Amino acid sequence: RTDNRPQFMSAKFAKTCQELKLIHERIPVKTPNMNAHIEAFNSILEEECYVVSGFTNFRETYDIFFEIF
């Protein structure tokens, strides 16, 4: 489930969802409460992981994130 931001409407995103056999659900416009659990997770992740760690690039972030989770 995502909001309606452009990155979730790209052809590449749609193709990846299809390849992974994921069902992509978009929340209705102006209904952020329908995505509250994801927004809360993203906020906690940013506050407790990204800001504290001071990553220098995407690869470093990716590697460390997947070691933890």
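Which residue's side chain meets that of Glu 19 in a salt bridge? The legends below start with that pair and then move along the chain of this predicted model.

**View 1. A salt bridge within helix H1 joins Glu 19 and Lys 15.** The partner of Glu 19 is Lys 15, with 3.9 Å from N to O. The two residues sit four apart in helix H1, so about one helical turn separates them. Look for both on the outside of the model, as Glu 19 and Lys 15 are each exposed. Helix H1 covers residues 11-19 and has the highest mean pLDDT among the elements of the protein chain, at 93.

**View 2. Arg 59 and Asp 63 pair up in helix H3.** Here the closest N and O atoms of the salt bridge are 2.9 Å apart. Helix H3 spans residues 58-68, and because its Arg 59 and Asp 63 are four residues apart, they too lie about one helical turn from each other. Asp 63 is partly exposed, with a relative accessible area of 34%.

**View 3. Glu 25 reaches Arg 1 across distant parts of the chain.** This salt bridge brings the closest N and O atoms to 3.5 Å. Glu 25 belongs to the loop between H1 and H2, while Arg 1 lies in the segment before H1, and their positions lie 24 residues apart in the numbering. Glu 25 is partly exposed at 38% relative accessibility, and Arg 1 is likewise partly exposed, with a relative accessible area of 42%. For context, a search of the whole structure finds four salt bridges.

**View 4. Lys 21 shows a positive phi in the loop between H1 and H2.** Its phi is about 60°, although Lys 21 is not a glycine. That makes a nice spot to pause, because most residues other than glycine have a negative phi. Is Lys 21 buried or exposed? With a relative accessibility of 74%, Lys 21 counts as exposed.

**View 5. Lys 30 also has a positive phi.** This residue, again not a glycine, has a phi of about 65°. Lys 30 is found in the loop between H1 and H2. At 79% relative accessibility, Lys 30 counts as exposed.

**View 6. Helix H2 has the lowest mean pLDDT among the elements of the protein chain.** Helix H2 runs over residues 36-53 and has a mean pLDDT of 81. The protein chain as a whole averages 84, and 100% of its residues score at least 70.

Terms used:
Residues are numbered from 1 along each chain as its sequence is written. This is a predicted model: local features need pLDDT of at least 70, side-chain atom pairs count only at pLDDT 80 or more; totals for chains, interfaces and linings use all residues. Side-chain values use heavy atoms; hydrogens and water are left out. pLDDT is the predictor's confidence in each residue, from 0 to 100. Buried means under 20% relative accessible area, exposed over 50%, partly exposed in between (1.4 Å probe, protein chains only).
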